[in-house]
Amino acid sequence: MTEFVIRAIKDNPITVVENVGEILTELKRQDNNLNQAVRNYYCDNNTRAELLSCVQALRQTYKSIVVAMGGMSNAAT
């Protein structure tokens, strides 16, 4: 594991993301929502729309992270 981390640091530029705390907080919220939706799905199959909504929100958040890290402004959704 140590070798992997050292290689990753040497071979890749380090990216500093401003307001990373806000992004992590949002990811935790969305993770919680997705977990609840999946739990509900196994109890009641009428939660498909809720699951799709959670997945779309996660896609948007990851797209924002890619943009914040200097990725493409039109990152895949």
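A helix, as the term is used here, is a DSSP run of H or I that covers at least four residues, and helices are numbered from the N terminus. With that in mind, the tour of this predicted model may begin.

**The whole chain.** Display the full protein chain and colour it by secondary structure. Three helices and zero strands should appear, and from the N terminus on the elements follow the order α-α-α. The chain has 77 residues, of which 13% count as buried. Next, switch on the surface: the protein chain exposes about 6,400 Å², and carbon and sulfur atoms supply 55% of that area. As for contacts between residues at least 6 apart in sequence, 37% join residues at least 24 apart.

**Helix α1.** Select residues 2-11, which make up helix α1, and locate phenylalanine 4 within this helix. Is phenylalanine 4 buried or exposed? Its relative accessible area is 53%, and since exposed means over 50%, phenylalanine 4 is exposed. Now add Val5 and Ile9 to the selection: together with Phe4 they form a nonpolar patch on the surface. The accessible area of these three residues together is about 290 Å².

**Helix α3.** Move on to residues 48-68, helix α3, and select threonine 61 there. Threonine 61 has a relative accessibility of 11% and therefore counts as buried, the cut-off being under 20%. Which residues does threonine 61 touch, not counting those up to four places away in sequence? Select Glu26, Leu27 and Gln30 to see these partners of threonine 61.

Conventions: Residues numbered from 1 in each chain as written. Predicted model: local features only at pLDDT ≥ 70, side-chain atom pairs only at ≥ 80, totals over all residues. Heavy atoms only, no water. Patch = residues over 30% accessible without salt bridge, like charges linked within 9 Å, V, L, I, M, F, W, Y side chains within 5 Å. Areas by Shrake-Rupley, 256 points an atom, 1.4 Å probe, with all protein chains shown as cover. Salt bridge = Lys/Arg side-chain N within 4 Å of Asp/Glu carboxyl O. Helix = DSSP H or I, 4+ residues; strand = E, 2+ residues; numbered from the N terminus. Buried < 20%, exposed > 50% of the residue type's maximum accessible area, 1.4 Å probe, protein only. Contact = heavy atoms within 4.5 Å.
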